[in-house]
Amino acid sequence: MADGGSRTAGLVQGLYQPEGAPRVDFRSPAGEPALAPPDSVSWRVFKNPVSLFVGGVTAVILELAEPRVRTGVWEHSSFRRDPLPRLKRTGLAAMVTVYGARSTAEKMIAGVRRMHDRVTGDTPAGAAYRANDVELLDWVQATASFGFMEAYHAYARPLSAADRDRFYAEAAPAAALYGAVGAPASVAEWEAQLAAMLPKLERHEIVFEFLDLMRKTAILPGPLGGLQGALIRAAVAITPAEVRAVVGLGPEWDLGPVEGRLVRLAGAAADRIPVKGTPAVEACQRMGLRSDYLYRR
């Protein structure tokens, strides 16, 4: 059992650990708060690797539908050439933003902003873009919040209307550090932002290229690897219907009922089992809480 637990821990830890990068110790500095508190909805949501994978795919679908974001992501990152390290770096950044000590998160976010300062250009249609443009930052923050929360709500554990609003509001301190000063602070604000952005979204083959990369790249460890296709369809399933229509994600991308049950079973199981060495568990330890604090009903 101990060997099995160690293997599971190693597999889950590997989801957030880029090869060759120094490991972030979420246990230190002892007692230093994160940008969100331990009793936040955010700490509950981000502990779940199944819903994080699903929600992350949903968020990228929404981002790639926006031509300026799409061009910046596709032309200024290694995603097409080597998606797995890029995914792990993004996952680690999310973990540091939510669970890392405030000083660690602030330092990392400042580095991301400096990197984004160099990301500029023009879309194929001639529209200028900057990665640190406030409108684009707001959209990226909004899509991430929507994707992660909606995936957790659909496939791990339902959230109340109040908790869904809280989740958006809790992201505000981190969003401001990233420069997303107009990111939504409630479900209603997200819906308004989506409605305002919808006329700017468009179909593009890069969305399908992204989904194909996600399908073909071995990303998930152990038994979850067999669920990867279903998890991708689960991500499409929670993409807003109006965006699916714009980008052309038709019924062939629907999540089947058996697949849906399997995804929900995996999400529910991941929500109940603390794994040693993961950011959520180590962050609880840093704050003097039980390792299973976020997993107790």
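**Close-up views of a predicted model**

**View 1. Aromatic pairs in the predicted model.** Five aromatic pairs are counted in this structure. One of them, formed by Trp 139 and Trp 190, is stacked, with 5.9 Å from centre to centre and 20° between the planes. Trp 139 belongs to helix H7 (residues 134–155) and Trp 190 to helix H10 (residues 187–197), so this pair ties together parts that lie 51 residues apart in sequence. Both Trp 139 and Trp 190 are buried.

**View 2. The cluster of Phe 46, Phe 148 and Phe 167.** These three residues are linked into a cluster by ring pairs.

**View 3. Lys 47 and the ring of Tyr 295.** Lys 47 is placed over the face of Tyr 295, and its distance from the ring centre is 5.6 Å.

**View 4. Arg 157 in the loop between H7 and helix H8 (161–170).** Arg 157 has a relative accessibility of 32% and therefore counts as partly exposed. In sequence, Arg 157 and Ser 51 are 106 residues apart; in space, 9.8 Å separates them, C-alpha to C-alpha.

**View 5. Packing of helix H5 (residues 83–99) and helix H6 (residues 102–117).** The two helices pack at an angle of about 140°, and their axes are 8 Å apart. H5 is therefore oblique to H6. The crossing in which H5 passes H6 is left-handed. On the H5 side, Ala 93, Val 96 and Thr 97 take part in the contact; they meet Thr 104, Ala 105, Met 108 and Ile 109 of H6.

Technical notes: Residues are numbered from 1 along each chain as its sequence is written. This is a predicted model: local features need pLDDT of at least 70, side-chain atom pairs count only at pLDDT 80 or more; totals for chains, interfaces and linings use all residues. Side-chain values use heavy atoms; hydrogens and water are left out. Rings of Phe, Tyr and Trp (its six-membered ring) pair if their centres lie within 6.5 Å; planes under 30 degrees apart count as stacked, over 60 as edge-to-face and the rest as tilted. Helices (H or I, at least four residues) and strands (E, at least two) are DSSP runs, numbered from the N terminus. Buried means under 20% relative accessible area, exposed over 50%, partly exposed in between (1.4 Å probe, protein chains only). A charge sits over a ring if NZ of Lys or CZ of Arg is within 6 Å of the ring centre and within 35 degrees of the ring normal. Axes are lines fitted to C-alpha atoms, for helices over the stretch in contact, and angles run from 0 to 180 degrees between N-to-C directions. Angles under 35 degrees count as roughly parallel, over 145 as roughly antiparallel, 65 to 115 as roughly perpendicular and the rest as oblique. A crossing is left-handed if the near helix is turned anticlockwise from the far one by less than a right angle, and right-handed if clockwise. Contact means heavy atoms within 4.5 Å.
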